[in-house]
Amino acid sequence: MSELLNKISTYNIFNYLFPGAVFSILADRLYLIDSPEDIVRQLLWYYFVGMVISRVGSVMLEPVLRRIRFVRYSDYSNYLRACVSDPKLELMVEVSNTYRTLAAAFALLSIGIFFHRFAEAIDIPTSWMDALSIIL
């Protein structure tokens, strides 16, 4: 177990595990999903959910942020040169990825809350809600 913990990087913790845990705990408290009870299953669940949220953030949220010019990128060669002159730049990129993933998590929670309230308002059967939740 300690060998496994040594292989987990800060990137994995702050971009997958932490956002997955925040999302799952809040979604569980809002009665949107049920989280596992066992600690090992919880950790695996949080990691998996965090990976999915991170991907949603990078594939869907990031292009929107770039389009509205909230985020701007420079050439990769410029980034590499800047990393040589300032080693903390890689940490700053990791932190910005964490913020993007957390923003995606809260956006997905908001969508989930809206969808759940909308489904209750028009009285969609629970079995349909479960299927739609898996699809979305």
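**Exercise 1. Which residue follows helix 3, and what is the sign of its phi?**

Helix 3 is followed by Arg-69, and the phi of Arg-69 is positive, near 60 degrees. Helices here are DSSP runs (H or I, at least four residues), as strands are (E, at least two), and they are numbered from the N terminus. Residues are numbered from 1 along each chain as its sequence is written. The model is predicted, so local features need pLDDT of at least 70 and side-chain atom pairs pLDDT 80 or more, while totals for chains, interfaces and linings use all residues, and side-chain values use heavy atoms, with hydrogens and water left out.

Next, place the residue. Arg-69 sits in the loop between helix 3 and helix 4. Arg-69 is a residue other than glycine, yet its phi is positive. Then check its surface. Arg-69 has a relative accessible area of 58%, so it is exposed. The cut-offs: buried is under 20% relative accessible area, exposed is over 50%, and partly exposed is in between (1.4 Å probe, protein chains only).

**Exercise 2. Describe the chain as a whole.**

Start with the elements. The chain has six helices and zero strands. Their order from the N terminus is α-α-α-α-α-α. Now take burial. Of the 136 residues in the chain, 25% are buried. Last, take contacts, meaning heavy atoms within 4.5 Å. Among contacts between residues at least 6 apart in sequence, 68% join residues at least 24 apart.

**Exercise 3. Compare the span of helix 3 with the expected value, then find its bend.**

Step one is the expected span: 1.5 Å times one less than the number of residues. Helix 3 covers residues 39-67, which is 29 residues, so it should span 42 Å. Its end C-alpha atoms are 40 Å apart, which agrees.

Step two is the bend, the angle between axes fitted to the seven residues ending at a residue and the seven starting there. At Leu-61, helix 3 bends by about 40 degrees. A proline, Pro-63, follows within four residues.

Step three is burial. The buried residues of helix 3 include Tyr-46, Gly-50, Ser-54, Gly-57 and Glu-62.

**Exercise 4. Do the same for helix 2.**

Helix 2 has 20 residues. From its first C-alpha to its last it reaches 27 Å, close to the 28 Å expected. Helix 2 bends by about 30 degrees at Leu-17, with a proline, Pro-19, within four residues after that. Among its buried residues are Asn-12, Tyr-16, Gly-20 and Phe-23. Just after helix 2 comes Tyr-31, with a positive phi of about 60 degrees.

**Exercise 5. How do helix 2 and helix 3 cross?**

Two packed helices are described by the angle between their axes and the distance between the axes. Axes are lines fitted to C-alpha atoms, for helices over the stretch in contact, and angles run from 0 to 180 degrees between N-to-C directions. The axes of helix 2 (residues 10-29) and helix 3 come within 7 Å and cross at roughly 105 degrees. That makes the two helices roughly perpendicular. The classes are: under 35 degrees roughly parallel, over 145 roughly antiparallel, 65 to 115 roughly perpendicular, and the rest oblique.

Now list the contact. Helix 2 gives residues including Asn-15, Tyr-16, Pro-19 and Phe-23, and helix 3 gives residues including Tyr-46, Val-49, Gly-50 and Ile-53.

**Exercise 6. Is Arg-100 buried or exposed, and what does Arg-100 touch?**

Arg-100 is found in helix 5 (residues 88-121). Its relative accessible area is 12%, so Arg-100 is buried. Not counting residues up to four places away in sequence, Arg-100 touches Ser-54, Gly-57, Ser-58, Leu-61 and Glu-62.

**Exercise 7. Locate Tyr-73 and give its contacts.**

Tyr-73 is in the loop between helix 3 and helix 4 (76-85). Its relative accessibility is 48%, so Tyr-73 counts as partly exposed. Leaving aside neighbours within four places in sequence, Tyr-73 is in contact with Glu-62 and Arg-66.
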